[in-house]
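Welcome! Here is a friendly walk through one protein model, with its sequence and structure to look at as you read.

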Amino acid sequence: MCGIAGIFHLATPKPVDPLRVERMCDAIAHRGPDGHGVWTAHGVGLGHRRLSIIDVAGSPQPMASSDGRAMLVFNGEIYNFRELREELRGAGAEFYTDGDSEVILAAWQRWGPGCLPRLHGMFAFAIYDLGARTLFLARDRLGVKPLFYAPLSDGSLAFGSELKALLAHPLLRREVDPLAIEDYLAWGYVPDHRSILQGVQKLPAGHALLLRHGAPLPAPSQWWDVSFAERRSGRAADLEVELLHLLRQAVTSRMVSDVPLGAFLSGGVDSSSVVALMAEASCNPVKTCSIGFDVAALDESSYAAQVAELFATDHRSRVVSPDDFGAVDQLAAMFDEPFADASALPTWRVSQLARETVTVALSGDGADEAFAGYRRHAFQHGEDRMRSILPQALRGPVFGALGAIYPKADWAPRPLRAKSTLLALAGTSEAGYARAIGIVPPELREPLYSPAFLRLRGDYRAEQPFEALMRRAPARSGLDRAQYADLKFWLPGDILTKVDRTSMAVSLEAREPLLDHRLVEFAASLPEGLRLKRGEGKWLLKKTMRRYLPEDILFRQKQGFVTPIAQWFRGPLAETARLIGTSTALARTGWFDTHRLSAVAEAHIAGRSDNGRLLWQLLMLERSLARLGIAA
């Protein structure tokens with residue numbers, strides 16, 4: 001795991017100042033504290049910060065190919081590098097290191113861009129081909145590793161693992177994209193199709209860019225996609241055997257490391273499954289870690305301890321206070337862009353705990369998206385059945401009118417909060433799922449904006465690209481389309497961003513075996529009833545893991561990391577909430593109706609409504625903008 005950065009001149013191949021590339025790398029030094037390097041040639045510069053995982057003593061970067069005709073900087077891991085190395089050696093390639101970086105170079109020289117489907121792993125890399133004078137940028141299938149890039153005024157393109165690297169370049173303009181504010185308010189993060197800054201782009205997951213001197217910046221080309229369009233046949237028992245094989249393959253391939261390795265263990269199905277398979281494949285106790293909270297309703301550490309005892313792991317647990325609101329500014333610094341998933345805080349804390357004893361930690365991320373494990377999947381499935389029975393001409397007026405008058409009812413038990421369901425049923429399947437996965441729906445966002453911002457935003461709505469993604473999904477059902485959108489939109493934009501930034505902030509490599517692309521492709525091909533059965537998500541996965549895990553682990557209600565932000569804004573952050581609408585950098589942007597923001601804060605503090613998530617979004621936006629000095 002590392003950090004990469006670089007500069008490439010698209011127009012005139014001007015000399016690249018190595019100190020400029022070095023400063024870009026220094027901005028992401030936390031991603032690679034074990035080594036650094038810069039290489040420049042006419043019109044190009046590549047930089048690297050290394051976290052040593054495999055071939056610790058060798059494989060320095062930037063790395064030259066064996067014939068010196070290509071240069072690489074690489075962030076990530078290629079899990080099948082040893083098999084590829086033998087194949088390439090048989091074709092005449094020579095190798096001088098024991099790592100995976102040299103394998104990428106040899107694969108590029110033999111297959112060009114066609115090397116990407118052969119690479120199994122998580123990665124973002126840049127290869128400069130000295131003969132062809134091209135720069136090749138690529139990102140892994142599901143977007144585990146990030147890559148930002150931006151064209152600059154001098155005709156060059158700057159790229160880096162985090163926005164920090166680009167911000168270190170003096171020519172980067174710090175002007176906000178107003179559509180990113182709309183996106184952020186809707187989702188709680190800036191999705192991969194946009195950046196907080198105008199002109200900055202994120203290379204989409206499963207895409208690549210081939211750049212040439214003297215040629216314009218091309219659009220990214222997609223090299224991988226997941227399809228839900230086909231259905232596997234056969235007995236459930238046979239599919240269970242195949243799934244277990246894929247799970248074992250995914251976990252064991254990610255246990256290759258020359259430094260201490262362990263796992264996050266929450267006590268949920270996913271992390272417990274990973275630990276079970278690690279224990280099966282290891283002769284030594286697996287190092288696991290978890291965090292608990294000093295509030296019983298939020299604490300799941302007893303389940304983690306149960307799994308740790310079951311598999312005799314070397315387990316470490318730490319109780320932390322959920323009242324960790326003092327870390328707000330540190331979180332803003334980690335993400336650069338505004339990021340409002342409050343579970344980032346406990347994810348960072350468990351990463352800190354893991355880093356005390358290991359350099360690599362396996363996580364359970366990805367199973368919910370691939371195997372339909374979220375409750376919203378069951379709701380979407382049920383709502384789609386209702387939509388198929390009642391025509392839109394009837395649903396729209398009836399449910400729309402009911403939803404409009406039904407109270408928001410934040411105080412009510414969850415089954416009585418029917419407003420969102422009624423509004424979802426009034427619209428299309430795509431619009432309904434956008435409501436389910438979003439944070440602030442359109443009717444609640446609109447009153448927050450100032451007239452000036454509404455003019456800037458124009459006709460754009462954050463839900464439009466999400467709904468379009470669902471409509472064009474290679475899928476057969478509404479559940480398929482929902483999961484496709486999860487994998488392509490929510491997963492890289494929220495979940496993987498959260499894990500990457502919080503783990504790399506402490507120089508920890510996080511690996512996601514349940515996002516092995518072969519496993520994801522298998523899950524996408526399962527009949528709906530093997531993913532979601534009688535309202536129970538991840539059905540085949542849970543059935544498969546019954547041989548390892550007890551029922552109370554497999555079928556307990558999913559909780560996840562919880563941060564009590566609603567209580568914070570009625571307690572220690574109450575005054576902060578009041579200031580959001582009046583005297584902060586956010587108020588000075590002119591984007592919002594400040595009286596409305598103040599009303600939102602006061603209603604929450606008084607307990608009349610639960611606006612905790614919205615206030616957290618606004619606070620993280622304000623802190624991000626203030627820290628970065630971005631001009632509105």
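Two strands count as a pair if DSSP finds at least two bridges between them. Strand 1 (residues 2-9) and strand 9 (residues 156-160) meet that mark with five bridges, and they run antiparallel. Before following these strands further, please keep in mind that this is a predicted model. The mean pLDDT of the protein is 91, and 92% of its residues reach 70 or more. Over residues 411-416, however, the pLDDT is below 50, and this stretch has three contacts in the model beyond near neighbours in sequence.

## A sheet around strand 1

Strand 1 belongs to an open sheet of six strands, whose order is 2-3-1-9-8-10 and whose pairing is antiparallel. Strand 2 (35-41) and strand 10 (201-202) stand at the edges, and each has a single partner strand, so one side of each is left without a neighbour in the sheet.

On one side of strand 1 is strand 9, and in strand 9 the bridge partner of Phe8 is Leu157. Strand 1 is also joined to strand 3 (residues 44-50), by seven antiparallel bridges. There, Phe8 stands opposite Val44.

How many of the eight residues of strand 1 are buried? Eight of the eight are, so strand 1 is largely enclosed by the rest of the structure. In a regular strand the side chains alternate between the two faces of the sheet. Here, Cys2, Ile4, Gly6 and Phe8 point one way, while Gly3, Ala5, Ile7 and His9 point the other way.

Towards the edge formed by strand 10, strand 8 (residues 148-151) is joined to strand 10 by two bridges, again antiparallel. In this pairing Phe148 stands opposite Lys202.

## A second sheet and a helix across it

Another open sheet of six strands has the order 4-5-6-7-11-12, with antiparallel pairing. Its edges are strand 4 (63-64) and strand 12 (221-222); each has a single partner strand, so one side of each is left without a neighbour in the sheet.

Within this sheet, strand 5 (residues 70-78) and strand 6 (residues 121-129) pair over nine bridges in the antiparallel sense. One of the residues involved is Glu77, whose bridge partner in strand 6 is Met122.

Helix 3 (residues 101-111) lies across strand 4, strand 5, strand 6, strand 7 (134-139) and strand 11 (207-212). The helix runs at about 120° to strand 5.

## Helix 27, from cap to end

Now for a helix further along the chain. Helix 27 (residues 594-605) has twelve residues and reaches 17 Å from its first C-alpha to its last, close to the 16 Å expected at 1.5 Å a residue. At the N-terminal end, Asp593 caps the helix: one of its side-chain oxygens lies 3.1 Å from the backbone nitrogen of His595. Just after the helix, Gly607 takes a positive phi of about 85°.

Which residues of helix 27 are buried? They are Leu597, Val600, Ala601, Ala603, His604 and Ile605. These buried residues pack against helix 24 (565-568), helix 25 (574-580) and helix 28 (612-628).

## A buried serine

Ser273 sits in helix 7 (residues 269-281). Is Ser273 buried or exposed? Buried means under 20% relative accessible area. At 2% relative accessibility, Ser273 therefore counts as buried. Its side chain reaches the backbone oxygen of Val269 at 2.7 Å. Leaving aside residues up to four places away in sequence, Ser273 touches Met545 and Leu549.

## Backbone details in the loops

Most residues other than glycine have a negative phi, and most peptide bonds are trans. Against that background, the following two residues have a positive phi.

| Residue | Phi | Loop |
|---|---|---|
| Asp336 | near 65° | between helix 9 (328-335) and helix 10 (344-355) |
| Ala372 | near 65° | between helix 11 (367-371) and helix 12 (375-389) |

Asp336 is buried, with a relative accessible area of 2%. Ala372 counts as buried too, at 0% relative accessibility.

Where is the cis peptide bond involving Pro62? The bond runs from Gln61 to Pro62, with omega near 0°. Pro62 is found in the loop between strand 3 and strand 4. Strand 3 pairs with strand 1, and strand 4 stands at an edge of the other sheet.

Conventions: Residues are numbered from 1 along each chain as its sequence is written. This is a predicted model: local features need pLDDT of at least 70, side-chain atom pairs count only at pLDDT 80 or more; totals for chains, interfaces and linings use all residues. Side-chain values use heavy atoms; hydrogens and water are left out. pLDDT is the predictor's confidence in each residue, from 0 to 100. Contact means heavy atoms within 4.5 Å. Helices (H or I, at least four residues) and strands (E, at least two) are DSSP runs, numbered from the N terminus. Buried means under 20% relative accessible area, exposed over 50%, partly exposed in between (1.4 Å probe, protein chains only). A polar contact is a pair of N or O atoms within 3.5 Å; within protein, one must be able to donate a hydrogen and the other to accept it, and residues adjacent in sequence count only if both atoms are side-chain atoms. The expected span of a helix is 1.5 Å times one less than its number of residues. Axes are lines fitted to C-alpha atoms, for helices over the stretch in contact, and angles run from 0 to 180 degrees between N-to-C directions.
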